[in-house]
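This report describes how a ligand is held by the protein shown below. The sections that follow consider the surrounding residues, the polar contacts and the position of the ligand.

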Amino acid sequence: MNEVVLYDYWRSSASYRVRIALNVLEIGYKTVSINLLEGEQRSPDYLALNPQGFVPTLVIDGKTLTQSLAIIEYLAELRPECGLMPTDIADRQHVRALAYAIAMDIHPICNMHVAAYVMTIAGKADAREEWMKHFIADGLRKLESMLGEFDGEFSFGDQPTMADLCLVPQVYNARRWGVDMADFQRIVDIDAKCAKLPAFQTAHPDRVRP
Ligand SMILES: N[C@@H](CCC(=O)N[C@@H](CS)C(=O)NCC(=O)O)C(=O)O
């Protein structure tokens with residue numbers, strides 16, 4: 001395998017998801033940090049890799065891959081035995097539904113450029129915090145009730161799947177914004193379970209911060 005390179009930012013949830021996936025599969029990789037606060041995601045060199053100007057981007061097998069969930073599914077298909085995606089078609093649908101509830105419903109409206117724009121149009125400095133807390137809590141409440149449909153120690157079953165790779169970074173982000181997690185016991189329990197696993201520990205933002 002050629003050198004695997006992950007373009008990421010230590011605090012980015014989407015990057016954090018892919019770091020966990022690479023660790024679960026035990027794929028060694030080099031990191032190139034794209035400093036979002038300094039706008040490096042909009043540099044011409046980076047846009048040539050990721051035309052959306054988002055992190056992460058993964059270079060693997062001579063291919064340049066974007067979109068964290070599409071990257072995770074690529075890795076899961078490369079190594080089906082890793083269990084990140086179940087083998088049963090209906091089970092896979094459930095895992096995707098849980099992952100999308102975070103990655104497609106919570107994350108995009110809480111993205112850095114969205115929250116920054118909210119602050120501009122609202123004309124008050126604390127608008128961003130209100131926005132983040134409101135939409136993260138709203139999304140987590142819905143996720144908590146979705147999770148109630150499924151048994152197991154993780155989001156779906158007894159081993160980590162793509163759903164957990166989305167849940168853990170979202171919980172990190174929620175805590176960072178001061179969201180009260182008291183109503184989300186199942187989410188908190190799953191997060192704690194994942195936190196015991198080395199693949200999740202070594203992907204944590206505090207461990208990869210440049
Ligand atoms: N759907 C994309 C979203 C990626 C994304 O939004 N990344 C954020 C960091 S978590 C980003 O690069 N933001 C840069 C910006 O808002 O300018 C994915 O899952 O890869």
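In this predicted model, 15 residues surround the ligand, and those that come nearest are Val55, Gln67, Ser68, Asn111 and His113. By character, the shell consists of six nonpolar residues, eight polar residues and one charged residue.

Some side chains place polar atoms beside polar atoms of the ligand. The table lists these pairs.

| Residue | Side-chain atom | Ligand atom | Distance |
|---|---|---|---|
| Ser68 | N or O atom | oxygen | 2.6 Å |
| Gln67 | N or O atom | nitrogen | 2.7 Å |
| Arg17 | polar atom | oxygen | 3.5 Å |

Ser68 and Gln67 thus appear in the table and also among the residues that come nearest to the ligand.

How much of the ligand's surface does the protein bury? The ligand taken alone exposes 510 Å², and 90% of that area is buried by the protein. As for its location, the ligand occupies the largest pocket.

Two elements each supply two or more residues to the shell, namely helix H1 (13–24) and helix H5 (112–122). Helix H1 provides the largest share, with three residues.

The domains complete the picture. Why is the ligand said to lie between domain 1 and domain 2? Domain 1 covers residues 5–81 + 204–208, and domain 2 covers residues 86–200. The ligand lies between these two domains because both of them give residues to the shell around it.

Technical notes:
Residues are numbered from 1 along each chain as its sequence is written. This is a predicted model: local features need pLDDT of at least 70, side-chain atom pairs count only at pLDDT 80 or more; totals for chains, interfaces and linings use all residues. Side-chain values use heavy atoms; hydrogens and water are left out. A residue is near a molecule or strand if one of its heavy atoms lies within 4 Å of it. A polar contact is a pair of N or O atoms within 3.5 Å; within protein, one must be able to donate a hydrogen and the other to accept it, and residues adjacent in sequence count only if both atoms are side-chain atoms. Accessible areas come from the Shrake-Rupley method with a 1.4 Å probe; for residues, only the protein chains shown count as cover. On a 1 Å grid over the protein atoms alone, a cavity is a set of points where a 1.4 Å probe fits but cannot get out, and a pocket is an open set with protein on both sides within 12 Å along at least five of seven lines; lining residues have an atom within 4 Å of a point. A molecule sits in a cavity or pocket if more than half of its atoms lie within 2 Å of its grid points. Helices (H or I, at least four residues) and strands (E, at least two) are DSSP runs, numbered from the N terminus. Ala, Val, Leu, Ile, Met, Phe, Trp, Tyr, Cys and Pro count as nonpolar, Asp, Glu, Lys and Arg as charged, and the others, Gly among them, as polar. Domain bounds come from an automatic or database domain assignment.
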